[in-house]
Amino acid sequence: MDWLMNNPLADMYGPLFLFVYAGAIAATAIACRVATRRLDWTAKMPPPPVPSNPDPHEVAYLRGGENEVTRSVIFALVQRGLLRTTETGLVERVWEKKETGHLSPIERRAYDYFLVPYKTSDIYKSGALASQLKPFCDVYEQRLRRERLLTTDDVRQTARLVVLAGASVVLGLGAYKLIVAVAEGRYNVIFLLGFGLVGVFVIAAACRLPRVSRRGRAYLERLQLAFQRLKWQAQAAPALAAPNKGEAATLH
């Protein structure tokens, strides 16, 4: 067992070992990141077809979660003239008589919430509007998960195992050098401990999975492309349908 305490790694001078340790942490982080990215097999699936009339609030949930849905619903109500924002940063109802029968359930819930004005910052607090819209967001969550547009729990569980494996390599190497140093009477190991702790955080950050799967991101890109094209066509249609006098003369 003498080779455990006498080998090139164990005998390595402190600063040089820290340099090697940093390289080992970086290499492990890269390997873990590659491994976690490969867990998302939805990249091989074609994105769902773009619906002719997608639910904008569901798309908002896919893009940014509950807070994004809250912004989407408030924006829809402002566009319909049912809510307005004041110069003091309040969101309030427009109390003139307005037709609200066409509102969807989630928009109705949000409209009913604004019986009194609220500061924009207060809308997203715990128990406020964002929390009240959560039941609707849960429905979106289930549907998007079925379509594999969100990162699944099993993928996240496997990613946690990758984090555990990477952290074990980093901490194991650091612990080995720590034991050797203490055995030889060297106790100036503060940098070694710091490198080990930072290494664990680096591994965890490298393995962090995005909320939206690769299939989900491809779907969002397809949505954006499709509706940008529709917007351009809508803007171009009046010009194409109504040529000026010079163009009309040329046509005739």
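How many helices and how many strands are there in the chain? The chain holds 9 helices and 3 strands, where helices (H or I, at least four residues) and strands (E, at least two) are DSSP runs numbered from the N terminus. Read along the sequence, these elements follow the pattern α-α-β-β-α-β-α-α-α-α-α-α.

The structure is a predicted model, in which local features need pLDDT of at least 70 and side-chain atom pairs count only at pLDDT 80 or more, whereas totals for chains, interfaces and linings use all residues. Residues are numbered from 1 along each chain as its sequence is written, and side-chain values use heavy atoms, with hydrogens and water left out.

**Burial and the nonpolar patch**

Of the 252 residues in the chain, 34% are buried, where buried means under 20% relative accessible area, exposed means over 50%, and partly exposed lies in between (1.4 Å probe, protein chains only). On the surface, Tyr-13, Leu-16, Phe-19 and Val-20 make a nonpolar patch of about 480 Å². Patches are made of residues with over 30% relative accessible area and no salt bridge, with like charges joined within 9 Å and nonpolar side chains (Val, Leu, Ile, Met, Phe, Trp, Tyr) within 5 Å; the areas come from the Shrake-Rupley method with a 1.4 Å probe, and for residues only the protein chains shown count as cover. Within this patch, Tyr-13 lies in the segment before α1 (14-37), and Tyr-13 counts as exposed because its relative accessibility is 63%.

**Packing of α2**

Two packed helices are described by the angle between their axes and the distance between the axes. Here the axes are lines fitted to C-alpha atoms, for helices over the stretch in contact, and the angles run from 0 to 180 degrees between N-to-C directions. Helix α2 (residues 56-79) packs with helix α3 (residues 105-113) at an angle of about 55°, their axes being 9 Å apart, and α2 and α3 are therefore oblique to each other. The class follows from the cut-offs, because angles under 35 degrees count as roughly parallel, over 145 as roughly antiparallel, 65 to 115 as roughly perpendicular and the rest as oblique. In this pair α2 passes α3 in a right-handed crossing; a crossing is left-handed if the near helix is turned anticlockwise from the far one by less than a right angle, and right-handed if clockwise.

The axes of α2 and helix α5 (residues 134-146) come within 10 Å and cross at roughly 135°, which makes α2 oblique to α5. Here α2 passes α5 in a left-handed crossing.

**Salt bridges**

Side chains of opposite charge can pair when their charged atoms come close. With a salt bridge taken as a side-chain nitrogen of Lys or Arg within 4 Å of a carboxyl oxygen of Asp or Glu, the count comes to 12 salt bridges. Among them are the following pairs.

| Salt bridge | Closest N to O distance |
|---|---|
| Arg-84 and Glu-92 | 3.0 Å |
| Lys-125 and Asp-122 | 3.0 Å |
| Asp-153 and Arg-145 | 3.8 Å |

The partners in these pairs can be described by their accessibility. Arg-84 is partly exposed at 37% relative accessibility, whereas its partner Glu-92 is buried at 18%. Lys-125 is partly exposed with a relative accessible area of 49%, and Asp-122 counts as partly exposed at 24%. Asp-153 is exposed at 51%, while Arg-145 is partly exposed at 26%. Elsewhere, Arg-63, Glu-68 and Arg-71 are linked in a network of salt bridges.

**Loop residues**

Ile-123 lies in the loop between β3 (118-119) and α4 (129-132), and Ile-123 is buried because its relative accessible area is 0%. Ile-123 and Val-91 are 32 residues apart in sequence, and their C-alpha atoms are 9.1 Å apart in space.

Lys-98 sits in the loop between β2 (90-93) and α3 and, at 39% relative accessibility, counts as partly exposed. Lys-98 and Arg-80 are 18 residues apart in sequence and 9.3 Å apart in space, C-alpha to C-alpha.

Arg-148, placed in the loop between α5 and α6 (153-183), has a positive phi of about 60° although it is not a glycine. With a relative accessible area of 30%, Arg-148 is partly exposed.
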